[in-house]
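Open the model in your viewer and keep the sequence panel beside it. Each stop below says what to select and what is there.

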Amino acid sequence: MGSGGSETRIASDDSGGLGIASGSDWRSTADQPSPKNGGGGGGKASSGAMVSASPQPTAYALIVGIEKYRDVTPAGGARSDAEKFAELARVTLGVPEDNIKLLLDDRASRTDIAKQMRWLQANVPSGGRVYFYFSGHGAPEPTSGVSYIVPFDGDPQYLKDTAIPMTEVLGDLEKTKAKDVLALADSCFSGAGGRSVLAPGTRPLVRVEDVKPQTRVAMLSASSGAEISGPAADGSGGLFSKYLIEALGSGQGDINGDGQISLKELAEWVGPRVKREAKKANREQTPHLTLGKKLSAADEFIVSWGYSR
């Protein structure tokens, strides 16, 4: 990673659980995004039902789910993942309906995504928050290893002309007036299968380049490096999205029971579950967290709050 932020890899500890190994430059210049013990909200749910937590009236969400592509193979379950995350944004995260943009399949072209990035930049107030969620294919540029998200009209043979570099996505999110941004990507950039595509007959020639964080952007992605982001065993959608939505939507990600879920708790709850289920399918998948240098440490970045015990 570059020196512009910190990198967190979610790795197994000696007990078989997952721990956080952080870079040395984690530091905070930002205030808390919420009270340490927010009031209001609903209880925890152990089933698939989503609970209500405290509302976030100045939060905005841009949610992209592309299952059916114009020119490449489908990304199974990606549309359903995005629809579920949109419900999570409304019900649990408390993002106002008017502050949510949901782009699905053929409504998620490169131009559509660019327009909604401009919408965020024009509308998010100073001190607000942005949630960006992407479910669909990623692709590596074969010679450089640069990671791209593939929009509906993307073509892996012409990535520079038809797809969007992940660094550009994060840079556009950084240009909003938000105090902090949480980017969530159920995709992979290895070109090795799953939610990743390559031009026919090609293979990456270099290691996939790490995505450098922006100063106010945290990013939690479904996998690391050359790994494959795969489906949940029950066929409900992406494995990462399954546990991400369960952690927040049920409140089970509140590991210490203080009524809120920090980014550290979210990563530590989701990570081992994804890793264990992926191993059962004979693949490696390790969610990956990066944190911009102007953000609070991961245990102080509060994603959602107001859960009752």
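In which loop does N282 lie? Select N282 and follow the chain both ways: the residue sits in the loop between helix 6 and strand 12 (288-292). Keep in mind that this is a predicted model. The phi of N282 is near 65°, which is a positive value in a residue other than glycine. Most residues other than glycine have a negative phi. N282 is exposed, with a relative accessible area of 74%.

**The whole chain**

Zoom out and colour by secondary structure. The chain has six helices and 13 strands. Of its 309 residues, 57% are buried. Now consider contacts between residues with a separation of 6 or more: 75% of them join residues 24 or more positions apart.

**Helix 6**

Select residues 263-280, which form helix 6. Its 18 residues reach 26 Å from the first C-alpha to the last, close to the 26 Å expected at 1.5 Å a residue. Show the side chains and look for those that are covered. The buried residues of helix 6 include L263, L266, W269, V270 and V274. Some charged side chains also belong to the buried set, among them E265, K275 and E277. After the helix comes N282, the residue with positive phi from the opening stop.

**The largest nonpolar core**

Stay with L263 and L266, and add I63 and F85. Which residues touch the most other members of the largest nonpolar core? They are these four: I63, F85, L263 and L266, in a core of 44 residues. In soluble globular proteins, nonpolar side chains tend to be buried together.

Centre the view on L266. Leaving aside neighbours within four places in sequence, L266 is in contact with L220, L244, A247, L248, I261 and V303. Apart from this core lies another one, of 38 residues, with F152, L159, I164 and A183 among them.

Next, select A298, in the loop between strand 12 and strand 13 (302-305). A298 is buried, with a relative accessible area of 1%. Draw a distance from its C-alpha to that of L266: the two atoms are separated by 9.4 Å, and the residues are 32 apart along the chain.

**Helix 5**

L244, A247 and L248, which were in the contact list of L266, are also buried residues of helix 5. Select residues 239-250 to show this helix. Helix 5 has 12 residues and reaches 16 Å from its first C-alpha to its last, close to the 16 Å expected at 1.5 Å a residue. Is helix 5 mostly covered or mostly open? It is mostly covered, with 10 of its 12 residues buried. Among the buried ones are L239, F240, Y243 and I245. Step just past the end of the helix to G251, which takes a positive phi of about 80°.

Go back to L239 and add D186, which is in strand 9 (residues 180-186). The C-alpha atoms of D186 and L239 are separated by 8.4 Å, although the residues are 53 apart along the chain. D186 is buried, with a relative accessible area of 0%.

**Helix 2 and helix 4**

Hide the rest and select residues 110-123 (helix 2) and 166-174 (helix 4). How do these two helices pack? Their axes are 9 Å apart and make an angle of about 25°. Angles under 35 degrees count as roughly parallel, so helix 2 and helix 4 are roughly parallel to each other. On the helix 2 side the contact is made by M117, R118, L120 and Q121; on the helix 4 side, by V169, D172 and L173. These residues divide into four nonpolar, one polar and two charged.

**Either side of helix 2**

Select D105, in the loop between strand 4 (100-104) and helix 2. Like N282, D105 has a positive phi in a residue other than glycine, here near 45°. D105 is buried, with a relative accessible area of 8%, whereas N282 is exposed.

Finally, select P125, in the loop between helix 2 and strand 5 (129-135). P125 is partly exposed, with a relative accessible area of 31%. Leaving aside neighbours within four places in sequence, P125 is in contact with T58, Y60, K177 and A178. The C-alpha atoms of P125 and A59 are separated by 8.7 Å, and the residues are 66 apart along the chain.

Note on methods. Residues numbered from 1 in each chain as written. Predicted model: local features only at pLDDT ≥ 70, side-chain atom pairs only at ≥ 80, totals over all residues. Heavy atoms only, no water. Core = buried A, V, L, I, M, F, W, Y, C linked by side-chain atoms within 4.5 Å. Buried < 20%, exposed > 50% of the residue type's maximum accessible area, 1.4 Å probe, protein only. Contact = heavy atoms within 4.5 Å. Helix = DSSP H or I, 4+ residues; strand = E, 2+ residues; numbered from the N terminus. Expected span 1.5 Å × (residues − 1). Axes fitted to C-alpha atoms, helices over the stretch in contact; angles between N-to-C directions. Parallel < 35°, antiparallel > 145°, perpendicular 65-115°, else oblique.
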